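Trainee: Could you take a close look at one part of this model with me? I'd like to go through the helix packing and the core.

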Amino acid sequence: MVFHGSHHRFRQPLAPNVILLRLKIPRGKRARCLILYEDGGIKTTPMYLYAATPHYLYYQGEVEVSRPGECRYFFRCQLEEGEPFYIFDGVNGPGRPFLYRWDPANIYEVPPWVYDAVSYQIFPDRFYNGDPRNDPPGTEPWGGIPTRDNFFGGDLEGIWQKIPYLQFLGINTIWLNPIFAAPSNHRYNTSDYLKIDPALGDEKSLHRLVEGLHAANMRLILDGVFNHTGTEFFAFKDVLVKGAASSYRDWYYFEGFPVQMEPRPNYLCWWNIPSLPKLKVENPEVREYLLGVGTYWLREAGIDGWRLDVPNEVEPSFWREFRRQVKETKADAYIVGEIWRDARFWLLGGYFDGVMNYLFRDLVLDFFARRRFSISTLDFLLGLIRLRYPEAANFALLNLLGSHDTARVITAFQQGLTERMGHTVTYEEAVRRLRPALILQFTYPGIPLIYYGDEVGLTGGPDPDCRQTMPWEPQRWDQELLRLYRRLIKLRRSLPPLKGGFFQPLFTDDGTDVYAFARRLKNDKVVVVINASDFPQSVSLRAEELGLQEDEVWADALNGRYFTVVSGQMLLPLEANWGAVLYRYKRSFVLSPWPGTSCRPPAE
């Protein structure tokens with residue numbers, strides 16, 4: 001049965017005068033569908049495949065109307081070679097169109113700059129030591145073995161000095177792990193939210209960094225830890241001294257007095273770690289203090305948003321107020337929550353712009369490293385995630401493959417390969433398997449997130465091994481991997497459909513591990529073809545299915561090649577564990593070739 005309903009999965013506003021509409025069609029029956037809508041007469045717009053689940057296909061189209069807030073529409077469908085038929089509402093009688101009214105004030109919007117963002121995560125103590133004078137006592141030589149307790153001297157001055165490297169890499173958004181005063185190297189045990197940790201610099205250092213990044217057209221996101229503090233935080237220290245007489249006794253969840261930290265704390269703390277007492281955020285005083293922190297650094301330092309630590313452990317109503325005040329302070333501030341699982345509650349409830357897309361990471365590792373399922377399963381699982389969330393939110397997700405909380409991505413690939421017979425589990429093999437995964441990461445909807453050092457080949461297991469110092473000797477870098485990251489970042493930021501284009505699956509082949517999809521932006525399109533197998537192969541792209549025109553020339557932006565549609569198809573040779581990123585050739589827009597390839601545009 002072909003189905004359309006009122007749930008956000010089937011219709012949602014994208015702008016005051018633009019709506020997104022979807023149809024659900026039984027799988028196995030390819031369809032040709034149109035939206036017919038009233039707008040000074042009956043107009044039509046095509047629908048494209050958006051997601052393929054085990055039992056259904058979802059087709060999607062966007063309608064732009066001249067009168068914001070209301071649209072009447074119906075559908076015309078043809079399943080394979082059958083007769084066309086129409087889909088009406090039917091609730092108010094046969095042949096009645098669907099009526100959709102929406103309040104433009106309730107549209108899910110994300111900061112416009114997010115669509116162009118490529119993000120880079122920095123663990124400040126481990127990136128670069130720009131000012132040895134502020135090194136904490138016992139700072140160890142750069143390049144040593146990381147532990148949960150040692151320091152290496154990385155600071156804000158070091159990040160400022162490496163802005164040219166960040167420009168060279170091509171990223172335009174930085175996320176810093178916590179920088180506020182704290183006794184640890186990770187600084188998730190805050191002592192003072194309104195003070196930069198002296199080992200990192202001071203408020204002038206942050207101002208200088210923000211100004212330098214903004215001058216380089218980059219933005220800065222800070223890590224907000226509002227679920228718990230450290231035991232050096234002023235409120236907790238006051239209760240330690242005064243006990244039940246402290247005016248801050250209701251800032252935490254104490255079970256009794258005096259406060260006891262060992263052998264078992266008599267207060268709630270994060271993961272039962274005594275040094276991380278949990279804040280009582282429902283307390284109006286605590287709430288007011290934390291909301292003040294959230295807006296202070298936007299005003300005083302000009303930061304561009306917040307990444308929120310374990311927000312699912314904080315009273316949800318706090319985040320709605322946090323969002324309101326942050327957006328009032330800086331309308332285009334970006335708010336992203338650390339949510340490891342299904343994020344529908346947070347993205348449909350008016351809390352965050354996006355979340356850290358650990359679900360994406362899990363699926364990428366499960367297919368490309370571990371081969372726990374087929375490539376067609378990867379496609380439908382990714383589609384299910386897209387269908388869960390508002391469409392605008394899909395573009396604001398941080399699509400990561402590694403972070404300070406996980407094994408390095410190359411090490412994760414090596415570990416994944418241990419599950420498969422006949423693999424060497426070497427660094428070289430892990431990087432080969434990683435290449436198609438990176439192509440997917442940088443061509444998929446959402447914000448690609450790079451964990452510092454991944455681009456030059458850093459390896460390491462979970463915390464603390466994943467928090468090694470950044471190597472700054474180019475001879476220690478994997479130069480080929482770095483070139484791939486730089487190339488993919490450039491493609492991401494140069495081809496408009498890769499930034500804001502809707503996703504359109506084209507085909508998967510479980511026998512050859514080939515995955516093809518498009519990113520579609522109005523009349524522009526980029527076609528991505530990934531060969532996730534260990535063998536080179538040629539893929540035939542059928543013009544009719546992909547919307548290609550005879551004699552049309554397409555450029556492969558990844559490899560510096562050109563292909564022409566001949567006799568209704570385009571034959572595409574692919575290396576093993578590699579891919580192609582295709583766009584319609586325009587003489588006015590030609591990307592430089594991949595190093596070592598020729599890039600000769602076709603003659604006039």
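Mentor: Here is a walk from one helix pair, through a loop, to the core and a kinked helix. Keep in mind that this is a predicted model.

Let's start with H3 (residues 203–215) and H5 (residues 284–300): their axes come within 11 Å and cross at roughly 65°. On the H3 side, Glu203, Leu206 and His207 do the touching, and they meet Tyr296, Trp297 and Glu300 of H5. Sort that contact by class and you get three nonpolar, one polar and two charged residues.

Now step back into the loop between helix H4 (234–242) and H5, where Asn283 sits. Is Asn283 buried or exposed? Its relative accessible area is 11%, under the 20% cut-off, so Asn283 counts as buried. Leaving out residues up to four places away in sequence, Asn283 touches Asp250 and Trp251.

On to the core. The largest nonpolar one has 150 residues, and Tyr120, Trp306 and Leu440 have the most contacts inside it. Helix H8 (residues 358–369) gives the most to this core, with nine residues. There's also a second, separate core of 25 residues, with Tyr37, Leu49, Tyr59 and Phe98 among them.

Last stop, H12 (residues 427–443). Its 17 residues reach 24 Å from first C-alpha to last, close to the expected 24 Å. Still, H12 has a kink of about 30° at Arg435, shortly before the proline Pro436. Of the 17 residues in H12, 13 are buried, so this helix is largely enclosed by the rest of the structure.

Terms used:
Residues numbered from 1 in each chain as written. Predicted model: local features only at pLDDT ≥ 70, side-chain atom pairs only at ≥ 80, totals over all residues. Heavy atoms only, no water. Axes fitted to C-alpha atoms, helices over the stretch in contact; angles between N-to-C directions. Helix = DSSP H or I, 4+ residues; strand = E, 2+ residues; numbered from the N terminus. Contact = heavy atoms within 4.5 Å. Nonpolar A, V, L, I, M, F, W, Y, C, P; charged D, E, K, R; others polar. Expected span 1.5 Å × (residues − 1). Bend = angle between axes of the 7 residues up to and from the residue. Buried < 20%, exposed > 50% of the residue type's maximum accessible area, 1.4 Å probe, protein only. Core = buried A, V, L, I, M, F, W, Y, C linked by side-chain atoms within 4.5 Å.
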